[in-house]
Amino acid sequence: MNKADVLLGLQWGDEGKGKIVDVLTPSYDIIARFQGGPNAGHTLEFNGIKHVLHTIPSGIFHPTAINVVGNGVVIDPVIFKKEIDALKALGVDVTTKLVISKRAHLILPTHRLIDAASEAAKGKNKIGSTLKGIGPTYMDKTGRNGLRVGDIETNEFREKYNTLVDKHKQLLSFYNYDYNLAELEPAWFAAIESLKELQFIDTEHYINNAVMSGKRVLAEGAQGSLLDVDFGSYPFVTSSNTICAGACNGLGIAPNRIGNVIGIFKAYCTRVGSGPFPTELDNEVGEKIRQIGREFGSTTGRSRRTGWLDIPALKYAIMINGVTELMMMKADVLSDFENIEICTHYNYNGQVIDYLPYNIDPQYLKPITTTVKGWHCDLTKINHKDQLPAELRDYVTFIEKATSTPITIVSVGPDRSQTIKM
């Protein structure tokens, strides 16, 4: 029985999923995004050019793969149109290579306004939203008020839009938030028209038929496992299920149709926005990692917080996702360090534990680290595993033993060519 593989991030997002999807796409017929929205920023680099995708799957640059935006994704038509225009300018034939689920929800201009108003009202308790309207759109989805891509093809589209906007206006008056909707609507409706160039399909039938007929499907996640609305560091999380189970309800595939689960992680950790971060380095070491790793958000440009690799958190993500293989990104960023710390345990309320507990707030939990020798050499020109320094191979072995999961790829630079198969 053919199965769909799933690729997802195991940390707080920004692990390098876009690059790996781009590298793996030649082995797949279909790349399908299953959750999140334009709060994602998947960066791909090849032929000396850098591309950032927000909603469109990262297989779009390959001539053969079909790219599917699944029902679990939320779409901002304005941002989507910009992405499509940028791809067309590069000669990508978007209309034949990209399909959208009729069940995917639309982000309205008022969703973005509510997001901004809500975040402003939280003051110092902000969750660090990207202000793209994601949270309010998922709230309307679960509150059964949402507007979906399939509604665009109906006669009641404008009426449904107006009904939802009227609800949003009441909410905005509660926040006492100043806005000008008339300024935002023309671009939104123009983008809706351009969306109609693409094929809207029942992606659940499409994906299942593809799997049944022997096609290879890769489900692409956005954000990271530790931002999952159920299993992440709530409330500092995203609004969707970023874990492997999210691929089932975000595409309509059954659990027994999931094949390999590929987990992507960085050789260290980063986090954007607010929320607890056990191994955070709020010092010159953290700043050094940030500068070498260019750790600035591809969607927001915000500085990412940095820290050492966290094994208990990684094991947790491997467990809840059923990860079958690991891929380690950005090994090259740690090349300047004589010694590297790895968090192996936590001190949790005075007790030593090796798992991620319910509350990871710093007042309860402190990391316990071990020191390993750094590789202290430039990795970016290496193109075979035999050329990797012994210290890096030891680092890989240490992680494999600690997590009981094989590492099959080590990335030594941002370009698709800088990918070492282990």
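This report walks through one helix and its packing, a set of salt bridges, and one residue of a strand in a predicted model.

**Helix H4 and its surroundings**

Let us start with helix H4, which covers residues 109-122. Its 14 residues reach 21 Å from the first C-alpha to the last, close to the 20 Å expected at 1.5 Å a residue. Is H4 enclosed by the rest of the structure or open? Of its 14 residues, 10 are buried, so H4 is largely enclosed by the rest of the structure. The buried residues of H4 are Pro109, Thr110, His111, Leu113, Ile114, Asp115, Ala116, Ala117, Ser118 and Glu119. If you would like to see what covers them, look at the elements around H4, which include strand E8 (105-106), helix H5 (134-142), helix H6 (157-175) and helix H7. Just after H4 comes Gly123, whose phi is positive, at about 60°.

**How H4 meets H7**

One of those covering elements deserves a second look. Two packed helices are described by the angle between their axes and the distance between the axes. For H4 and helix H7 (residues 181-195), the axes come within 9 Å and cross at roughly 135°. That angle makes H4 oblique to H7. Which residues make the contact? From H4 they are Pro109, Thr110 and Leu113, and from H7 they are Leu181, Leu184 and Trp188. Sorted by class, the contact of H4 with H7 has five nonpolar residues, one polar residue and no charged residues. Pro109, Thr110 and Leu113 also appear among the buried residues of H4.

**Salt bridges**

Now to the charged side chains. The structure holds 16 salt bridges, and the table below lists some of them.

| Pair | Closest N to O distance |
|---|---|
| Lys81 and Asp85 | 2.9 Å |
| Glu295 and Lys266 | 3.0 Å |
| Arg290 and Glu287 | 2.2 Å |

Lys81 and Asp85 both sit in helix H2 (residues 77-89), four residues apart, which is about one turn of the helix. Lys81 is partly exposed, with a relative accessible area of 29%, and Asp85 also counts as partly exposed, at 35%.

The pair of Glu295 and Lys266 bridges separate elements. Glu295 lies in the loop between helix H10 (284-292) and strand E13 (305-307), while Lys266 belongs to strand E11 (residues 258-266), so this salt bridge ties together parts that are 29 residues apart in sequence. Are these two residues buried or exposed? Both Glu295 and Lys266 are buried.

Arg290 and Glu287 share helix H10, where they are three residues apart, about one turn of the helix. Here the two partners fall into separate classes: Arg290 is buried, with a relative accessible area of 13%, whereas Glu287 is partly exposed at 32%.

Some salt bridges also link up through shared partners, joining Asp14, Lys266, Glu295, Arg304 and Lys330 into one network.

**Ile264 in strand E11**

Our last stop is Ile264, which lies in strand E11, the strand that also holds Lys266. At 0% relative accessibility, Ile264 counts as buried. Which residues does Ile264 touch, not counting those up to four places away in sequence? They are Leu7, Leu8, Gly9, Leu10, Glu15, Gly16, Lys17, Ile20, Met327 and Met329. As for Ser298, 34 residues from Ile264 along the chain, the C-alpha atoms of the two are separated by 17 Å.

Notes:
Residues numbered from 1 in each chain as written. Predicted model: local features only at pLDDT ≥ 70, side-chain atom pairs only at ≥ 80, totals over all residues. Heavy atoms only, no water. Axes fitted to C-alpha atoms, helices over the stretch in contact; angles between N-to-C directions. Helix = DSSP H or I, 4+ residues; strand = E, 2+ residues; numbered from the N terminus. Parallel < 35°, antiparallel > 145°, perpendicular 65-115°, else oblique. Contact = heavy atoms within 4.5 Å. Nonpolar A, V, L, I, M, F, W, Y, C, P; charged D, E, K, R; others polar. Salt bridge = Lys/Arg side-chain N within 4 Å of Asp/Glu carboxyl O. Buried < 20%, exposed > 50% of the residue type's maximum accessible area, 1.4 Å probe, protein only. Expected span 1.5 Å × (residues − 1).
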